[in-house]
Amino acid sequence: MTSNKSLLPWVDEVASLCQPSDVRWCDGSESEYDELAAMLVANGTFTKLNESKRPNSYLARSDPADVARVEERTFICSERESDAGPTNNWCDPTEMKEKLTRLYRGSMRGRTLYVIPYSMGPIGSPIGRIGVQVTDSPYVVCSMRIMTRIGQAVLDALGNGDFVRCLHSVGYPLADGRKDVPWPCDSENKHISHFPETREVWSYGSGYGGNALMGKKCFALRIASVLARDEGWLAEHMLIMKITSPTGHIKYITGAFPSACGKTNLAMMTPTIPGWKIETVGDDIAWLRFGEDGRLYAINPEAGFFGVAPGTSMANNPNAMQAIRSNTIFTNCALTDDGDVWWEGMTDQPPEHLIDWLGNDWTPGCGRPAAQPNSRFTAPASQCPVIASEWEDPHGVPISAILFGGRRSGVVPLVNEAPNWRYGTFLGSIISSEKTAAAAGKVGELRIDPMAMLPFCGYHMADYWAHWLDMGEKGGDKMPRIYYVNWFRKDANGRPLWPGFGQNCRVLKWIFDRCDGQADAQQTPIGNLPLPGTLDLDGLAVAKADEEELLRVDTQGWLTLVESIKQHYARFGDRIPPALEQELTGLAQRLRAATKPTKKLGKTG
Ligand code: OXD
Ligand code: MN
């Protein structure tokens, strides 16, 4: 099984604290998955979907109090409070462990403790890492088998090496005759706690997504960002895509966008310009390291997609729809009368009758959403028809460009190129987005979400920016170019100016060509924008005035933004890297001088 000297004692220690009735080491096999899925069906957690419509797939309905990540219950328990920084909830690690130890005591009574050895990244990849999650949730085991690589092969690769310890309990012991429920949780006492110095995660009370599938946000972002800082690499909330031009040239780019801003759609898009091809390497997380040639190489540490279901359709993401045709776990979607799933936006016309995510009858026009807005699909990445052949290359793929983006109805133009890494890091530090349903909280509010890492950076955000700047110093002119994009700009009447989805390839083509010195740009106070007429809009019905508006530098809007960035930076006090302060001052000066005409740049400028 395992010769690892610290793994067995740790599992024993957890078992004596949580007091499960049984301990089971997961081998990751199909038969194990089938057995657990059958158990979940018997328990009412899973509904098996119609085999002829959605083979080997299940629908789970969560407790209505457990439907999203809970940022206010997420903690970075670094030894020093100042290392967590102002954007994280901090708690003293000893205090947190004492508190959670009380909650964990006996929390698995009447349940099985599952041990899930898992690899983030292809097993044995020099960029990958190993974690072990112990959990009392078979739903989590099934999901982790899709989202990561689990089982004996991971233990073999681990040998006696280090691993990230992830302790998870839903906090619903079956003691003293208490009956089980389909979605056990302890919603009043949720805690998602990270201990960066000891590389541990302790999660209690929730069975949902990023709170419970600990390979994802907890390890691959919060703990990994700390490892990356210490070891000189980057762990980022980024998709990875492969772009092939009509002449067969290939580039890989990554993109950081806040949760539910369309990363999955972008990563799998069907380009509308003839001859261009887009393939997916990853849709949510990228680990980037310098290769021997000095360039940054990225792997997707995950093995599956945990995508937001509402809005996904054959019209806007056929590749995702194909990827979820079988072997998929759906959570909080609606159930059709013929045993399939449905969600808002899947078809133009909703079915005449559904069972909604709460298990109630639903008919169109009843005023309630049929699927929970953060309902999800969990599907193997290998099922995506446009998965890139190199998506499991242990050495990763070389990155030419990094996108930053968010959902902004105004101010931020369609695309803006940073002339250098330092300004690109600055742009990353100020990206903002209108809030979505991926996290609990008010939808629509604007929040600054630096590098789309606000909920995921495991240490002080200003130190994280310093680390980015440092990486730029090390990588020099081999670093990827950085772009700030916005697919969501609207006109004064609230009409979207850009169609998005497959049409975004027009922006990607400009970026691709810029990386090769083959597309014109104009220098503006905020960065390099496409020179009017250089975006390939052939065959696309975008009015000239709309194109101008999409690329307009809203000087007043940016000056207002500068003021809010000053406030945003003020939160970080003197830990803000001086280089970013200088970039902010430079931006403000250029904006104030913005009445001067713009300067045309050549193809390589
Ligand atoms: C996600 C998220 O689930 O960012 O990917 O919330
Ligand atoms: Mn995400």
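How far is an oxygen atom of ligand 1 from an N or O atom in the side chain of R376? In this predicted model, the separation is 3.0 Å. The protein covers 94% of the 210 Å² of accessible area that ligand 1 has on its own.

Two further side chains approach oxygen atoms of the ligand. In the side chain of S259, an N or O atom lies 2.5 Å from an oxygen atom of ligand 1. For H237, a polar side-chain atom is placed 3.3 Å from an oxygen atom of ligand 1. Each of these three distances falls within the 3.5 Å cut-off for a polar contact.

The surroundings of the ligand were then examined. Ligand 1 occupies the largest pocket. There are 10 residues around the ligand, and those that come nearest are R69, K217, S259, D284 and R376. S259 and R376 thus appear in this group, and an atom pair with ligand 1 has been described above for S259 and for R376. Sorted by class, the shell around ligand 1 contains 5 charged, 3 nonpolar and 2 polar residues.

The position of the ligand can also be described in terms of domains. The protein is divided into two parts: domain 1 spans residues 7-232, while domain 2 is made up of the segments 251-304 and 389-600. Both domains take part in the shell around ligand 1, with at least three residues drawn from each. Taken over C-alpha atoms, the centres of domain 1 and domain 2 are 32 Å apart. The two domains also touch one another: 38 residues of domain 1 are in contact with 38 residues of domain 2.

How values were computed: Residues numbered from 1 in each chain as written. Chains lettered and ligands numbered in written order. Predicted model: local features only at pLDDT ≥ 70, side-chain atom pairs only at ≥ 80, totals over all residues. Heavy atoms only, no water. Near = heavy atom within 4 Å. Polar contact = N/O pair within 3.5 Å; in protein donor to acceptor, adjacent residues only side chain to side chain. Areas by Shrake-Rupley, 256 points an atom, 1.4 Å probe, with all protein chains shown as cover. 1 Å grid on protein atoms, 1.4 Å probe; cavity = no way out; pocket = protein on both sides within 12 Å on 5 of 7 lines; lining within 4 Å. Sits in = over half its atoms within 2 Å of the grid points. Nonpolar A, V, L, I, M, F, W, Y, C, P; charged D, E, K, R; others polar. Domains from an automatic or database assignment. Contact = heavy atoms within 4.5 Å.
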